[in-house]
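Q: Please take a close look at one part of this model. Start from a single residue, and then show me what is around it and what the rest of the chain looks like.

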Amino acid sequence: MTTPDALEIPNRFDFSTACKEIYQAWVDQGCFDANVNKDKKPFTIVIPPPNVTGALHLGHALNNTLQDVQIRMHRMMGFEALWMPGTDHAGIATQAVVERRLKELENKTRHDLGRDKLVERIWQWKDQYEARILGQLKSMGCSCDWRRTRFTLDDRCAQAVRSTFFDLFSKSLIYRGKRLVNWDTYLQTAVSDDEVFTETVHGSFWHLQYPVIDPKPGEPTHVTIATTRPETMLGDTAVAVHPHPTEALARFEAGLREKWNDASAKDRPAIESQLELLEIRRRELLPQLELLAQMAKEGRQLRLPIIGRVIPLVADEWAKPEMGSGCVKITPAHDPNDYEVAIRCKLPMINILNSDGTVNENAGPYSGLTMSKTRIKVVEEMDNLGLLAKTEDHQIELKHSDRSKTPIEPYLADQWFVKMDQLAQSAMDAVNDGRVKIYPPRYANGYLDWLGEKRDWPVGRQLWWGHQIPIWSRSFDSPEQAKSLKFQLESMSERSAGLMTVQIEEPATVHACVRQSDPALELKLHSLGLVRQEDVLDTWFSSALWPHSTLGWPEKSPELEYFYPTNVLITSRDIITLWVARMVLMGLNNVGEVPFSEVFIHPKILDGYGETMSKSKGNGVDPIDVIDKFGPDALRFGLSWLCTETQDVRMPVQYECPHCEAKVNQTKENRQSPTVECDSCKKTFSTQWAESAEDKAHPKAPVVSDRFEVARNFVNKLWNASRFVMMNLSGYSLAGQSSPTLPLEDQWILSQLASVTIKVESELKQYRYAEAARAVYDFAWDHFCSFYVEMAKPRLQDPEARHQVQRVLAHVLDRMLRLLHPITPFVTEAIWQQLNKITRTRDFVTNETSTDWIVRAPWPVPNHEHIKPEIEKQFSHFVALIGAVREIRSRQNIAPKQQISFSVKCSEEMRDLLAPMSKFLEAMANARADEWSDNPVIPSVNAAVSIPEMDVYVDLTQFIDVAAEISRNEKLLVNLVKQIQGKEGRLSNESFVSRAPADIIEKERQALADLVSQRRAAEDAIEKLKKL
RNA sequence: GGACGGUUAGCUCAGUUGGUUAGAGCACCACGUUGACAUCGUGGGGGUCGUUGGUUCGAGUCCAAUAUCGUCCA
């Protein structure tokens, strides 16, 4: 055994070099490898695969820390713990990033490169960022089984995707339909609703007039419609009016009155004014609408201005008599509601949009103009024709593409859908009956509400980066031709082998779905005139399969058998619907079991302004910056410390100037600048936004937050406490008889250790990370360092006591390290290695030999026999006593080196308990106890302090600062009087005495008596002091 | 418009079933550095818990209303 002296262990944990070595050793030893092992129970987490769009930020760091804590804890508990790593191809997000760079750096579009070349470029990007992401995870200490690393676009995921698609298609759960697409005219692709944001912009409400063809006497010559998008009139194929406007208006009014009844007084005036407007509308507009409804029934027609097309006036309930002019223009190809009307009324559909955002030949004279130019021209022309009735100002909620920030042009396109009815129901059932538990439970609402809508899932994307839809199609003019092709396909051997399935989409399109990549079959289909669908699948389609595709599905692999269902999914709340819900329903559909039994939703990390961190806002923080400055353990402990149940984490961040290390607050102004000038040294540094060579020439400033200082300090404290223990273990041995009764302080720390062990485990199992971190922080800092280690110091000098105190120190340190290992893996491993050099037997409860690596050490099992509430209570007398003495010292400004003495008035039991601890009072407060008795000699000049069951008299004969002592007592007196008044008031309250529980009343009485005696003591003291 | 969450010390946050004087870290003040740790130690000052009303012997905690901030879904 070698015991290091102070020089051998530095007084700082050098995380920058140690962590790399430790991590490599863990990997080399296979510490993170999980294998099918029937002797152990599995514990599995699949990582929420980070997008390969860019590097990880602090939100990912939080997410992955929380997972690693669970994995490491369960691994120590003896589970076969598998953390499945991987990344997500992230469809449009990644393609958009690569396309943008292509444009910026080479001034090329994706069409210049072509599909294959672009996809190749994206793979290069993916390789680069995947490496960066996995590197970040490793720096954080994530204990993933890297041998199993997967990617949502790799071959095995592709197999899972095709099998799933084939299965759903065979069950008729996938179909093609019309859907309004959010067309991004800049990227020339459709973007999903989730990739769209709305912005209120200033716009207008134009009232246009369409002439009636051959109006009869008494009939209007024009029909007025109002629109915010006049250019779409070029695609109008009808104008609709409600078939029964009077009834519809009455129903609307009834609804409004009902709302008035339920409304609060504040909201009523608004409804009342609505009702008034309704009355005017009834008088002035309704007769006209009735007339138009009649005309619609008669099949009257209108002439669409500019284009000259004859369009019908139709009766349809979509036209709301309470809205606008009561009539509505119908543009089926650019509005989903109009599309429905067109289906009901059998109207033609005319698309006027080119993919680049210009209007096509259907737009007549404006063909080739952009939509916005077309709008101006249309309005001008309508005005010239005298058909522009009026123009109103109007605030419009305009959709924009999140990727390109340009306005969305909506139009209807063919789209593949997954039918959600049964699938959604299965996922709702799983949560309702508790097979999947969501923590915190309130998040189940959003999940259930969203699934409850059972909206079909549009899965096609007009992209090149993703899983291409495995369908080959051919359209015919007549249904007979389609049927004949279907027959031909169905007689092929591949169909009978279950490799292909065929369906007809009305009226005359044949779709063949192919189960797995099969060039020969594809060639055959091609020769029959079938062409593969261009679209790729929504990125969430492959993500939805992640828990089982990573384990080998569709094969019945041993891993799938053993590790599935996984135990918990840890993620953030914004993808509960997009991802969590879909994993549940796909898991149930494909494997027949839920993918995980628990879901933990953790808080989000916000910046100093309460905004979510994101790369585009420029307020993201690279966890590597934090690791470089504070170390990975501090990052992890800090994030766990902040991970409370209800609060998002607000984290103001600063640039750290690379020239002078001063902090520069990150603000809304500077967070997107490529360079920033330091407030204090006035030199310039660069940021993540630096692109030009000139900007990059400035050194880059890391972005950090002082919210990690708590954790950094804690890691340092832990390191140094361990260092102290190790420096004092010479002669240590676990062997040898210990005294039959341990001294109070030993029993106390062992009791605290057992309690904190129970608490940490139970909190972590409930995903209450902050509580667990706080519990272990308090134990390590306050209980172990501030008291136990301090009390160990005199005992280590005492040959009689040394052996015993070493045993307890080693035992507590060993277990504390294991308890902390899931949260702070590196520093605990580093200490463990040092400790192993001194001794391998440290746990006097189990007598076990310590493991080579703490990562493989057993999770500490609390020793319930050590828990002694009465010991903890007794110890609190000591804590109170030392506090009282220290306060007097401080108030009297007595130099620390100056010893003082005091007497204690207390019971015999208390004397027997505390007198043996006198040496600690000398060491910890430089105070000597002269006497412990029920009637001590009281020093002539003293400061008296009353604490529970004791009166302490500190001898101030040599030190008295009368003024300070009077002021201390007066302050105390004020406080006491306040409390006494409160208690007296309560106890003299008849209803309190008669209704409150007896034990509460007794407690109050006791407390009051105590306070009164303290008040008398303080008053006496003041009186005496004033005489001095 | 709907759902959910926040509002407690200068800042960032805890506060379990309602029960002594509402806690922590940072910041602040005073004192302290010849071996665990100044990324430290000791002590101190500082909040009546967004507002209003209610239930109760007793409310930061339960209920209602209201203000305000945020998130998600329409």
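A: **Ile894 and its surroundings**

Ile894 counts as buried, with a relative accessibility of 9%. The cut-off makes this clear: a residue is called buried under 20%, so 9% puts Ile894 in that class. Keep in mind that the model is predicted.

Where is Ile894 in the chain? Ile894 belongs to the loop between α29 and β32 (900-905). So a loop residue can be buried too, as the 9% of Ile894 shows.

Which residues does Ile894 touch, once those up to four places away in sequence are set aside? They are Arg889, Ile900, Leu956 and Phe959. Asp961 is another residue to look for. In sequence, Ile894 and Asp961 are 67 residues apart. In space, their C-alpha atoms are 9.6 Å apart.

Now step back to helix α29, at one end of that loop. Gly883 sits in helix α29. Is Gly883 buried or partly exposed? Gly883 is partly exposed, because its relative accessible area is 33%. Asp402 gives a sense of distance. Gly883 and Asp402 are 481 residues apart in sequence, and 59 Å lie between their C-alpha atoms.

Helix α29 also leads to the RNA. RNA strand B is surrounded by 47 residues, and the closest are Thr644, Arg707, Trp781, Lys971 and Arg995. Of the atoms of RNA strand B that come within 4 Å of the protein, sugar and phosphate account for 71%.

Some side chains can be followed atom by atom. Lys971 has a polar side-chain atom 2.5 Å from a phosphate oxygen of RNA strand B. For Asn720, a polar side-chain atom lies 2.7 Å from a sugar or linking oxygen of the strand. For Lys983, a polar side-chain atom is 2.9 Å from a sugar or linking oxygen. Which elements give two or more residues to the surface near RNA strand B? They are α24 (709-727), α26 (769-796), α29 (869-891), α32 (962-988), α33 (990-995) and α34 (998-1027). Helix α24 gives the most, with ten residues. By class, this surface has 21 charged, 13 polar and 13 nonpolar residues.

Helix α26 takes us inside the protein. The largest nonpolar core has 216 residues, and Tyr447, Phe784 and Phe878 touch the most other members. Helix α26 supplies the largest share of this core, 16 residues. Where does the core lie? It lies between domain 3 (733-867) and domain 4 (872-1027), because both give residues to it. In soluble globular proteins, nonpolar side chains tend to be buried together.

Look at Phe784 in detail. Beyond its neighbours within four places in sequence, Phe784 is in contact with Ala721, Val725, Ile749, Phe779, Val789, Leu809, Val812 and Met816. Another core lies apart from the largest one. This other core has 36 residues, among them Trp183, Ile352, Leu353 and Tyr411.

Two further residues show other settings. Thr550 is in the loop between α18 (546-549) and α19 (558-563). Thr550 is buried, because its relative accessible area is 6%. A polar atom of its side chain lies 2.6 Å from the backbone oxygen of Trp546. Outside the neighbours within four places in sequence, Thr550 is in contact with Val46, Met84 and Arg150.

Ser204 is in a strand, β7 (residues 196-211). Ser204 counts as buried, because its relative accessibility is 14%. Residues up to four places away in sequence aside, Ser204 touches Thr227, Thr228, Thr391, Glu392, Asp393, His394 and Ile396.

Last, the whole chain. Chain A has 34 helices and 35 strands. It is divided into domain 1 (190-411), domain 2 (472-528), domain 3 (733-867) and domain 4 (872-1027). The centres of domain 2 and domain 4, taken over C-alpha atoms, are 92 Å apart. Along the principal axes, the C-alpha atoms of chain A fill a box of roughly 120 × 70 × 65 Å. Of its 1028 residues, 53% count as buried. Among contacts in chain A with a separation of 6 or more, 76% join residues 24 or more positions apart.

How values were computed
Residues numbered from 1 in each chain as written. Chains lettered and ligands numbered in written order. Predicted model: local features only at pLDDT ≥ 70, side-chain atom pairs only at ≥ 80, totals over all residues. Heavy atoms only, no water. Near = heavy atom within 4 Å. Polar contact = N/O pair within 3.5 Å; in protein donor to acceptor, adjacent residues only side chain to side chain. Helix = DSSP H or I, 4+ residues; strand = E, 2+ residues; numbered from the N terminus. Nonpolar A, V, L, I, M, F, W, Y, C, P; charged D, E, K, R; others polar. Buried < 20%, exposed > 50% of the residue type's maximum accessible area, 1.4 Å probe, protein only. Contact = heavy atoms within 4.5 Å. Core = buried A, V, L, I, M, F, W, Y, C linked by side-chain atoms within 4.5 Å. Domains from an automatic or database assignment.
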